[in-house]
Amino acid sequence: MTRWNTSHIPDQTGRSAVVTGANSGIGYVTARELARRGARVLLACRSESRGLAALDRLRSEVPTAEAEFRPLDLADLTSVRDFAATLDDFDGDRLDLLINNAGVMALPYRTTADGFEMQFGTNHLGHFALTGLLLPKLLATPGARVVTVSSMLHALADLDYSDLNSERSYRRWIAYARSKSANLLFVHELSRRLAAAGSQVVAAAAHPGYAATNLATTGVRMEGRTSAERAVELVNRAVAQSPDGGALGTLCAATAPHMRPDSFIGPRSGLRGAPAQSFRAPWTTKDANGERLWAASEQLTDVRYDFDFSRPATAR
């Protein structure tokens, strides 16, 4: 995996991919590079205007691209269900790649349409529900993978299972870290359950290191903190790698041959550079933690995974 870059992406012709949050940043780069290698790509984005603008940009950069846009708001489980229900006409019964990329970071306290704390609800619960509802397509596709984007900042905090929605206490960076720990626990438990079912679907995680995207400035912009926004932009320019560099971990996890289930792929240094296996906090690999989060996620989303290859996932 030394010095892995986009030239190592195998031919993706005949494969299909859903990329959430593909309108900008590492999500856009991920969609573009998969399309460049021949994959049929669906850009799943909350904003229709930004999603369509990204689609136009992708088609201009990759004229041969097979790509389309569909609306998906991961902070609204009705939108997640609607998106999954309309996906039958996207490459039939198959789905080769699901890239759970979209996310929010360090926002002032907000709740989703379903009443969940916004970071936990969007970053984890939305993707938990989406993956479960698309599981029949993934199980039916040889070589399918699910890649969920976490962060090195997950190491700041384990989950508080007694307060998953931060109702007793809210600290934006701790809430973000917990949502990213949840991403890694989800991948760990999904990998375990896929293996138990005899499935060859690979679930892996990735992170971008420190990449210069809109994610870091959204929270301070929402609060009108202009000076803080400028400070973040200055740090981004001085330290961060580009979205192209940040997307390498995701692209490697999605396409590198022989990717191990439950891998966590990101810059070798932690911040930037070629992708490699990354450090992860010990609580993100404990089966008991994975089972506990899984049970809570099923209850909160009303999505029940079904690993029987012949039956669809259920949603109450």
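**Exercise 1. Determine whether F186 is buried or exposed, and then examine its aromatic partner.**

Solution. The model is predicted.

Step 1. The relative accessibility of F186 is 3%. Since buried means under 20%, F186 counts as buried.

Step 2. The structure contains 9 aromatic pairs. One of them joins F186 and W294, with 6.0 Å centre to centre and 20° between the planes. Planes under 30 degrees apart count as stacked, and this pair is accordingly classed as stacked.

Step 3. W294 has a relative accessibility of 2%, so W294 is buried as well.

Step 4. F186 belongs to helix α5 (residues 172–196) and W294 to helix α10 (residues 287–301); the pair therefore ties together parts 108 residues apart in sequence.

Step 5. Both rings also belong to one aromatic cluster, formed by F128, F186, W294, Y305 and F307.

**Exercise 2. State how many residues of helix α9 are buried.**

Solution.

Step 1. Helix α9 comprises residues 248–255.

Step 2. The buried residues in α9 are L248, G249, T250, L251, C252, A253, A254 and T255.

Step 3. This gives 8 of its 8 residues, and the helix is mostly covered.

**Exercise 3. Identify which strands are joined to strand β7 by bridges, and in which direction each pair runs.**

Solution.

Step 1. Strand β6 (residues 202–206) is joined to β7 (residues 264–267) by 2 bridges, and these strands run parallel. Here A205 stands opposite F264 in β7.

Step 2. Strand β8 (residues 275–277) is joined to β7 by 3 bridges, and these strands run antiparallel. In β8, A276 is the bridge partner of G266.

Definitions and conventions
Residues are numbered from 1 along each chain as its sequence is written. This is a predicted model: local features need pLDDT of at least 70, side-chain atom pairs count only at pLDDT 80 or more; totals for chains, interfaces and linings use all residues. Side-chain values use heavy atoms; hydrogens and water are left out. Buried means under 20% relative accessible area, exposed over 50%, partly exposed in between (1.4 Å probe, protein chains only). Helices (H or I, at least four residues) and strands (E, at least two) are DSSP runs, numbered from the N terminus. Rings of Phe, Tyr and Trp (its six-membered ring) pair if their centres lie within 6.5 Å; planes under 30 degrees apart count as stacked, over 60 as edge-to-face and the rest as tilted. Two strands pair if DSSP finds at least two bridges between them.
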